[in-house]
Amino acid sequence: MELRMDYNNVLDSRIGTEGLAQADFDALKPAAERASKMMADNRPSMKWRELPHNQAEIVADIKAYVTEMKGDIDAFVVLGIGGSALGPMAVQQALNHPFYNELPREKRNGFPKLYVVDNVDPERLVYLFQTVDPVRCLFNVISKSGSTSETMSQFMIIKEMLEKRLGKEAARKRIVCTTDKEKGNLIKIVREEGYKYYIVPDGVGGRFSQLCPVGLLPAAFCGIDIEGLLEGAAQMDERCKSPCIYENPAYMFAALHMMALGKGKNITVVMPYADSLKYISDWFAQLWGESLGKHFDLEGNVVNVGQTPVKALGVTDQHSQVQLYAEGPFDKIIVLVGVDEYRETITIPKLYEDMPSLGFLGGVTHNELIKNEQLATEYALTKANRMNMTLTLPRVTPQTLGQLLYFFEVATAYAGYLLNIDPFDQPGVEEGKNATYALFGRPGYEAKKAEMDAAPPKDGKYIM
Ligand code: PA5
């Protein structure tokens with residue numbers, strides 16, 4: 001079962017001058033050749049590319065740990081943000097029952113519930129503790145840097161709470177950490193406290209970490225076949241090895257998007273036609289946005305490039321965003337993500353046959369309805385000369401999801417190199433982090449505080 005990509009509708013043969021012409025492919029050639037070489041040369045440092053192949057021992061450890069712990073806890077709670085939260089949410093939503101946490105335990109095959117506490121909205125933790133008893137949870141503190149304020153603050157609250165209720169020894173068993181093997185505070189804390197821990201390997205940044213213990217541990221704790229995920233990723237790695245753009249789907253996806261960007265398509269919409277893939281759009285938005293939105297290129301020139309990812313859901317957004325996509329500015333490429341075979345079937349009964357607007361639905365399945373609505377949207381977008389393309393999963397399984405995740409990661413790396421930027425850093429996030437530290441008077445951030453204090457005050461006349 002293989003992911004398919006159909007890019008007919010981004011070509012000028014289908015959508016006229018809004019589409020890509022042979023001249024666009026020819027013009028991209030020098031950048032494409034450079035990007036392809038960088039992908040090959042830099043592969044040894046892109047450790048996330050090896051994750052499908054080198055984790056047999058880690059997988060065995062994770063599975064043994066799940067077996068040891070799962071009967072002891074009601075919920076597995078992820079404390080993490082950004083790459084540490086979006087991947088676990090996306091995989092859980094894709095592969096498990098949509099109302100997983102609400103199912104009785106036996107219908108979850110004895111696995112605990114899953115919660116992901118990414119934000120520091122004060123209501124969130126309080127409401128979580130009203131929902132599950134913290135002493136019946138296993139908390140997974142995920143932070144590669146080991147210093148992310150949001151995650152570490154949640155950890156501190158929970159550590160104190162657990163120790164007060166359980167004592168230090170029992171509390172220790174309720175915390176498992178995923179972090180860098182030597183850098184940052186979390187690994188120091190792990191060693192001091194004796195917590196169980198997993199490593200985020202070198203060369204695996206947050207948004208590229210779903211296939212390492214960052215994503216595998218939460219997935220395994222809710223019964224997901226993590227070996228299947230890795231198997232699918234390995235299959236996609238095989239398909240993405242070719243330096244020939246016509247044989248490498250991730251390279252082609254990246255190239256199409258970068259050519260689209262060159263034609264003013266500053267936005268890419270990812271619109272799955274499956275509720276199960278809804279959060280894949282959120283995960284992709286971080287991957288594409290944080291990796292490609294950059295001030296400098298690799299030579300230090302100011303470029304301010306990037307393509308804004310937008311999340312949508314078919315068919316829901318046909319009744320919300322599609323009007324804009326079809327008739328608004330020509331600034332988007334729309335990626336429809338379809339599924340050949342849904343995991344369930346439901347048939348509409350033959351009622352109201354005398355009413356033409358309802359009668360045609362009788363005997364039709366929702367499977368046919370959603371697929372035809374996807375085809376109809378594709379037709380309407382193409383008729384309106386809007387760039388659109390389709391990714392199709394034969395069925396949502398651990399293997400095909402692994403393919404999709406790995407495909408998007410490789411495509412993002414290609415896109416970064418096509419733009420001649422570093423897709424693996426995120427310097428733009430640092431300014432906000434430093435300003436937060438300054439506002440709290442953290443030692444070492446006095447100059448930042450002074451800089452903030454010196455900024456011109458807001459003018460009251462513009463506040464209504
Ligand atoms: O992709 C990234 O690098 C970020 O989104 C990080 O995942 C996020 O900032 C959390 O960082 P950390 O894992 O260091 O806590």
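Here is a short chat between a visitor and a guide about pockets, a ligand, a helix and some unusual loops.

Visitor: What kind of model is this, and how are its residues numbered?
Guide: This is a predicted model, where local features need pLDDT of at least 70, side-chain atom pairs count only at pLDDT 80 or more, and totals for chains, interfaces and linings use all residues. Side-chain values use heavy atoms, with hydrogens and water left out, and residues are numbered from 1 along each chain as its sequence is written.

Visitor: How much space lies in the largest pocket?
Guide: Rolling a probe the size of a water molecule over the atoms shows where empty space is left. On a 1 Å grid over the protein atoms alone, a pocket is an open set of points with protein on both sides within 12 Å along at least five of seven lines, whereas a cavity is a set of points where a 1.4 Å probe fits but cannot get out; lining residues have an atom within 4 Å of a point. Grid points are joined across faces, edges and corners, and a volume is the space filled by probe spheres set on the points. For the largest pocket, that space is about 1,400 Å³.

Visitor: Which helix gives the most to the lining of the largest pocket?
Guide: Helices (H or I, at least four residues) and strands (E, at least two) are DSSP runs, numbered from the N terminus. Elements that each supply at least two residues of this lining include strand S4 (137-143), helix H6 (149-166) and helix H17 (427-439). With seven residues, the one that gives the most is H6.

Visitor: How many charged residues does the lining of the largest pocket have?
Guide: Ala, Val, Leu, Ile, Met, Phe, Trp, Tyr, Cys and Pro count as nonpolar, Asp, Glu, Lys and Arg as charged, and the others, Gly among them, as polar. The pocket is lined by 50 residues, and Ser 145 and Lys 433 are among those nearest its centre. By class there are 18 nonpolar and 21 polar residues, and the charged ones number eleven.

Visitor: Which side chain has an N or O atom 2.6 Å from an oxygen atom of the ligand?
Guide: A residue is near a molecule or strand if one of its heavy atoms lies within 4 Å of it, and among the 13 residues around the ligand, Lys 144 and Gln 286 are two of those that come nearest. A polar contact is a pair of N or O atoms within 3.5 Å; within protein, one must be able to donate a hydrogen and the other to accept it, and residues adjacent in sequence count only if both atoms are side-chain atoms. A ligand oxygen is 2.9 Å from an N or O atom in the side chain of Glu 290, and another such contact, at 3.5 Å, is to a polar backbone atom of Gly 206. At 2.6 Å, the side chain is that of Ser 145.

Visitor: Which residue caps the N-terminal end of H11?
Guide: Helix H11 (residues 249-262) reaches 20 Å from its first C-alpha to its last, close to the 20 Å expected (1.5 Å times one less than its number of residues). Of its 14 residues, 13 are buried, where buried means under 20% relative accessible area, exposed over 50%, and partly exposed in between (1.4 Å probe, protein chains only). At the N-terminal end, a side-chain oxygen lies 3.2 Å from the backbone nitrogen of Ala 250, and the capping residue is Asn 248.

Visitor: Is Asn 420 buried or exposed?
Guide: Most residues other than glycine have a negative phi, and most peptide bonds are trans. Asn 420 has a positive phi of about 60° and is found in the loop between helix H16 (398-418) and H17. With a relative accessibility of 11%, Asn 420 counts as buried.

Visitor: Is Asn 109 buried or exposed?
Guide: Asn 109 lies in the loop between H4 and S3, and its phi is positive, near 50°. Its relative accessible area is 58%, so Asn 109 is exposed.

Visitor: Which peptide bond is cis?
Guide: Look at Val 315, in the loop between strand S10 (308-311) and helix H13 (322-327). With omega near 0°, the cis bond runs from Gly 314 to Val 315.
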